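Work through the exercises below with the model open. Try each task before you read its solution.

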Amino acid sequence: MHLPVLPTSRSTPLSHPAGPIHELHDAHGRVIRDLRISITDRCNFRCVYCMEPDVRFKRKIELLTDSEIVRTVRVARSLGVRRVRLTGGEPSIHPTLDALIRDIWAVGLDDLSMTSNGSVLNEGELAQLKDAGLQRLTVSLDSLRTDRFRALTRSAATPARVLETVEAAKRVGLEPVRINAVIVRGFNDDEIADLAALARVYDADVRLIEYMPLDSGRQWEMSKVVPIDEIVDRVHAVFPIEAAGRERTSSPATGFRFADGGPGRFGVIASVTRPFCGACSRLRITADGMVMPCLFSTDEYDLRAVLRDDRSTDGDIAGFLAAATLRKQAGHGIHDEGYRQPDRPMSAIGG
Ligand code: SAM
Ligand code: SF4
């Protein structure tokens, strides 16, 4: 099979080898079933590991419109994508989130979820999102201490407000609610057991995440990563846990249940010390319409240009997604000597 030349810039056009496309296969035997779409690059927080205080957001014209997002999902669905997660930036501040969710869900998916900082959603809005088709909510909460939380998010918000969102999401049936926390040594590693305890209190899925070299300030160091084994030991010392395996083969979290049969589930996303790249089934689309085949991709592919070309058919979009998938790298390469951090921080990729 002849492959097009590797693109080196975001404007390089991509084409797929001739022939019918039924699924999104990469060159390493993986098939894409999950799409992560960043629906905005804006956020009401400026988390220190994610977004600089003086961040410059894209102009509105540069961001994909709702109809461009929905068209992309429809084409991806026809190629075997089953699950979509909306992210950002902060997706809950997207001005037409309800309508967007309704249109995406109407495409016919197995799952539609959203990752949010949980700081501005109220119960009425959550009920509307559920009604529109949202199936599950993940909230990010890295500290239960108000002073720490405020320093981290560079905001006046509180962990209590985020936990209100968790409770409201449960009441409207967005279950199981997931709570994600990034663990950074010297910052919140003393809260590991407290954060895991949220699983028991809220009957939620708590996922503790190894800190990844995707921070806007480029302050990441391996010494700040708390490895999965240490996270598990620290939880086990307070709440004995036993292995529960992965939810799906492609799930990024190593799962555990509480040995006493207590409510909730607990998992660790060990992207740094125990990469799960071999089972990855994800493709990412940034708010400005670039396909990033991997969270750690240094190449990105300009889907927006294809979507905005009046001559593009759905077949052209399918071919573009398939060609971008063929460039999906085998692994993130964090530990390789020549590792280069993507130019985009997490906020601009959509974590
Ligand atoms: N604003 C939403 C939120 O905070 O949940 C969605 C977007 S945010 C970029 C998605 C996730 O990426 C959050 O859970 C956040 O904690 C995580 N994240 C951001 N920077 C990270 C980093 N350097 N390492 C690991 N996770 C990170
Ligand atoms: Fe905003 Fe989420 Fe990034 Fe924090 S992690 S700055 S909430 S996008």
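Two strands pair if DSSP finds at least two bridges between them. Helices (H or I, at least four residues) and strands (E, at least two) are DSSP runs, numbered from the N terminus. This is a predicted model: local features need pLDDT of at least 70, side-chain atom pairs count only at pLDDT 80 or more, and totals for chains, interfaces and linings use all residues. Residues are numbered from 1 along each chain as its sequence is written, chains are lettered from A and ligands numbered from 1 in the order in which they are written, and side-chain values use heavy atoms, with hydrogens and water left out.

**Exercise 1. The sheet**

Task: Give the strand order of the open sheet of twelve strands, and find its edge strands.

Solution.
- Step 1. The order reads β7-β8-β9-β6-β5-β4-β3-β2-β1-β10-β11-β12, and the pairing is mixed.
- Step 2. The edges are β7 (241–245) and β12 (301–302), each of which pairs on one side only.
- Background: strands of a sheet pair through backbone hydrogen bonds, either parallel or antiparallel.

**Exercise 2. The pairs from β7 to β9**

Task: Which residues are the bridge partners of E242 and R257?

Solution.
- Step 1. Four bridges join β7 and β8 in the antiparallel sense. E242 has R257 of β8 as its bridge partner.
- Step 2. β8 and strand β9 (residues 265–269) run antiparallel, with five bridges. There R257 stands opposite R265.
- Step 3. β8 and β9 form a hairpin with six residues between them. In its turn, G261 has a positive phi of about 80 degrees.
- Step 4. Check the cover of β8, using buried for under 20% relative accessible area, exposed for over 50% and partly exposed in between (1.4 Å probe, protein chains only). Five of the six residues of β8 (residues 253–258) are buried, so the strand is largely enclosed by the rest of the structure.

**Exercise 3. From β4 to β6**

Task: Trace the parallel pairs from β4 through β5 to β6.

Solution.
- Step 1. β4 (residues 136–140) and β5 (residues 178–183) run parallel and are joined by three bridges. S140 has N180 as its partner in β5.
- Step 2. β5 and β6 are also parallel, over six bridges. V182 bridges to I209 in β6.
- Step 3. In β6 (residues 205–210), six of six residues are buried. D205, R207 and I209 point one way, V206, L208 and E210 the other.
- Background: in a regular strand the side chains alternate between the two faces of the sheet.

**Exercise 4. Ligand 1**

Task: Which residues come nearest to ligand 1, and how much of its area does the protein bury?

Solution.
- Step 1. Take the shell: a residue is near a molecule or strand if one of its heavy atoms lies within 4 Å of it. Of the 16 residues around ligand 1, Y49, G89, E90, S140 and M212 come nearest.
- Step 2. Sort the shell by class. It has six nonpolar, eight polar and two charged residues. Here Ala, Val, Leu, Ile, Met, Phe, Trp, Tyr, Cys and Pro count as nonpolar, Asp, Glu, Lys and Arg as charged, and the others, Gly among them, as polar.
- Step 3. List the close atom pairs. A polar side-chain atom of Y49 is 2.9 Å from an oxygen of ligand 1. For E90, a polar side-chain atom sits 3.0 Å from a ligand nitrogen. M212 places a polar backbone atom 3.1 Å from a nitrogen atom of ligand 1.
- Step 4. Ligand 1 taken alone exposes 550 Å², and the protein buries 95% of that. Accessible areas come from the Shrake-Rupley method with a 1.4 Å probe; for residues, only the protein chains shown count as cover.

**Exercise 5. Ligand 2 and the cysteines**

Task: Which residues lie around ligand 2, and how many disulfides does a search of the whole structure find?

Solution.
- Step 1. The shell of ligand 2 holds C43, F45, C47, C50, M51, G89 and N117. By class, that is five nonpolar, two polar and no charged residues.
- Step 2. C47 is buried at 15% relative accessible area.
- Step 3. The search finds zero disulfides, a disulfide being a pair of cysteine sulfur atoms within 2.5 Å.

**Exercise 6. Backbone outliers**

Task: Where is the cis peptide bond, and which loop holds D203?

Solution.
- Step 1. The bond from E175 to P176 is cis, with omega near -5 degrees. P176 sits in the loop between α5 (159–171) and β5.
- Step 2. D203 is not a glycine, yet has a positive phi of about 50 degrees. D203 lies in the loop between α6 (192–202) and β6.

How values were computed. Polar contact = N/O pair within 3.5 Å; in protein donor to acceptor, adjacent residues only side chain to side chain.
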